Amino acid sequence: MPHLRRGAVLRIILSQLVICIGVATTLTLATSLGDDSIVLWLVTIGVFVLGTVANFILVIYMAHPTKDLLAAVIHVAGEPTNTTPPNPNDPRYAKSGFSQALQTIYELAGSEDDKKPVTDVEKTNQPVVADNLIKSALDNTTCGFVVMNHDRSISYSNKSAPVHTDQGGKQVLDLLFNGVDTLDAWLDECEQNSVHAEHIWTRVPNRLPDAEDRRFFDVMASYDKGVTNETVLTLVDRTSTYDVSEQDLDFIAFAAHELRGPITVIRGYLDVLDDELKDVLKEDQHELFRRLVVSANRLSGYINNILNTSRYDRRHLKVHLAEDTVAGIYETIRDDMELRASSQNRILSVNFPPDLPTIAADRASISEVLGNLIDNAIKYSNEGGAINVTAEAKGDFVEISVQDFGIGMPSNVVSNLFQKFYRSHRSRETVSGTGIGLYISKAIVESHGGTISVRSEEGKGSTFTAALPIYSTVAAKLQSGDNSNEALIEHGNGWIKNHSMYRG
């Protein structure tokens, strides 16, 4: 507080003046130095400056815990402040034992809210009728509200909330989170690193496809460490918005399945004709054939993406993993990628170190991921632009990166990239696509026990990175589970989620 700081500064200065007067008197009496001696004044001023600085440093160091305690108390008291409340999980506090004091403050604040005595006036002003009116109002809204305790048990839910009661009489949340960004994973992170946090998920279903009463929610979570009702969820029912595209996907998946056969035949005939007519066709005719092959391969890729998205939504994305090399996987799509790049005047550079460790992978699935990432880089690059595909070992993972120097993306676009059907306004106008390639790529990588990420800067390009586990680090798990990816993941809330966020 300002007046305390001013008082401390004044006391330090006064104490140093007293000390300096004492030093100067002692030197004058003990030596032959006079009042006009330069040495006397230099020593006195030096003692004053050094003593003042040392005292300031000492006071700041000693006052820091008090400052943090005050910040914690102000936070739990609900007073307006610009100071960030201290995090009891900070390593500095763990070493000094101060984390326990902060944790106690947060926990006591939560418990004291329940123990506050209620006066007669409060009883009169807060009748049970008002409480019933609030609950009735919440039950009549289409938004769901769920309140969870520290142990993540549900203490309250309104009628619109997607919850059910299990055989033990416990309320359970009916939400199916895809991938590793789940409510439980976020709460785990909050407990380790946060005092207050908020998070939003979009397009979260409560049922599998084809199930009755399937709904979609945008979920907003608020977390406050130590209070009784630690987590509050607000669930906005967006079924009318999302269900249309979900039904479209069901129809498209059916159509894609029927189209797969004819497309395969067309690609086969193109390969045969190109081979038989290579000595007859002119160069421009060969170029037409190359463009036909590229278009047929791209259409085949779209069909595979649609079918895989449908499987992923139905929780059928289970694969068998084997020891493989990144170079070997890329080799299966190399000709197609080079053809796509050259047909659109892009420079594709692929460089994999020869000593790169082997990875645990389903070759067909990872080749689809690589194809999606490179195809995106081609589409969003500029004319004559370079695309660099590299890989390196980091810890227990091999990171495969696809870098372009094209149009890039603003931060608000990057945060939504891996959502199903998401396409920015600009990309919808300038680049063709379905908006599910990155969604299914994320699903495939996470089904391998890996992660996928992106770095982008508008006007300078983007870099997508897929991290896949090195085979030797997961070989024992795979062999114990007949090489199924279920050996790398565990079941939670009726569906598989990433067993170990290997890279945090």
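Two strands pair if DSSP finds at least two bridges between them. Helices (H or I, at least four residues) and strands (E, at least two) are themselves DSSP runs, numbered from the N terminus. Keep both ideas at hand for this tour.

**Before you start**

You are looking at a predicted model, in which local features need pLDDT of at least 70, side-chain atom pairs count only at pLDDT 80 or more, and totals for chains, interfaces and linings use all residues. Residues are numbered from 1 along each chain as its sequence is written, and side-chain values use heavy atoms, with hydrogens and water left out.

**Stop 1: a sheet with antiparallel pairing**

Strands of a sheet pair through backbone hydrogen bonds, either parallel or antiparallel. Select β6 (residues 216-224) and β7 (residues 231-237): these strands run antiparallel and are joined by seven bridges. Which residue of β7 stands opposite A221? Click on L233 to find that partner.

Now show the whole open sheet, whose five strands follow the order β2-β1-β7-β6-β5 with antiparallel pairing. At its edges stand β2 and β5 (196-205); each has a single partner strand, so one side of each is left without a neighbour in the sheet. From one strand to the next, the twist averages 15°. (Such angles run from 0 to 180 degrees between N-to-C directions, and axes are lines fitted to C-alpha atoms, for helices over the stretch in contact.)

**Stop 2: R152**

Go to the loop between β1 (144-148) and β2 (154-157), and pick R152. This residue is not a glycine, yet its phi is positive, about 70°. Is R152 buried or partly exposed? Its relative accessible area is 21%, so R152 is partly exposed. Here buried means under 20% relative accessible area, exposed over 50%, and partly exposed in between (1.4 Å probe, protein chains only).

**Stop 3: α11 and N345**

Next, select α11 and colour its buried residues: D336, M337, L339, R340, A341 and S343. Then step on to N345, in the loop between α11 (334-343) and β9 (347-351). N345 also has a positive phi without being a glycine, this time of about 55°. With a relative accessible area of 40%, N345 is partly exposed.

**Stop 4: a second sheet**

Show the open sheet of five strands in the order β9-β11-β12-β14-β13, where the pairing is mixed. Its edge strands are β9 and β13, each with a single partner strand, so one side of each is left without a neighbour in the sheet. The twist here averages 15° from one strand to the next. Zoom in on β13 and β14 (residues 461-469), which run antiparallel and are joined by seven bridges. I452 stands opposite A466 in β14. Add α12 to the view: this helix packs on the sheet, touching β9, β11 (386-394), β12 (397-404), β13 and β14. Contact means heavy atoms within 4.5 Å.

**Stop 5: two helices side by side**

Keep α12 (residues 363-379) and add α15; the two pack at an angle of about 145°, with their axes 9 Å apart. Among the residues that meet here are I366, V369 and L373 in α12, and L438, I440 and I444 in α15.

**Last stop: H448**

Finish in the loop between α15 (437-447) and β13 (451-457), where H448 lies. H448 counts as buried because its relative accessibility is 0%. Where does its side chain point a polar atom? One lies 3.0 Å from the backbone nitrogen of D362.

Terms used:
A polar contact is a pair of N or O atoms within 3.5 Å; within protein, one must be able to donate a hydrogen and the other to accept it, and residues adjacent in sequence count only if both atoms are side-chain atoms.
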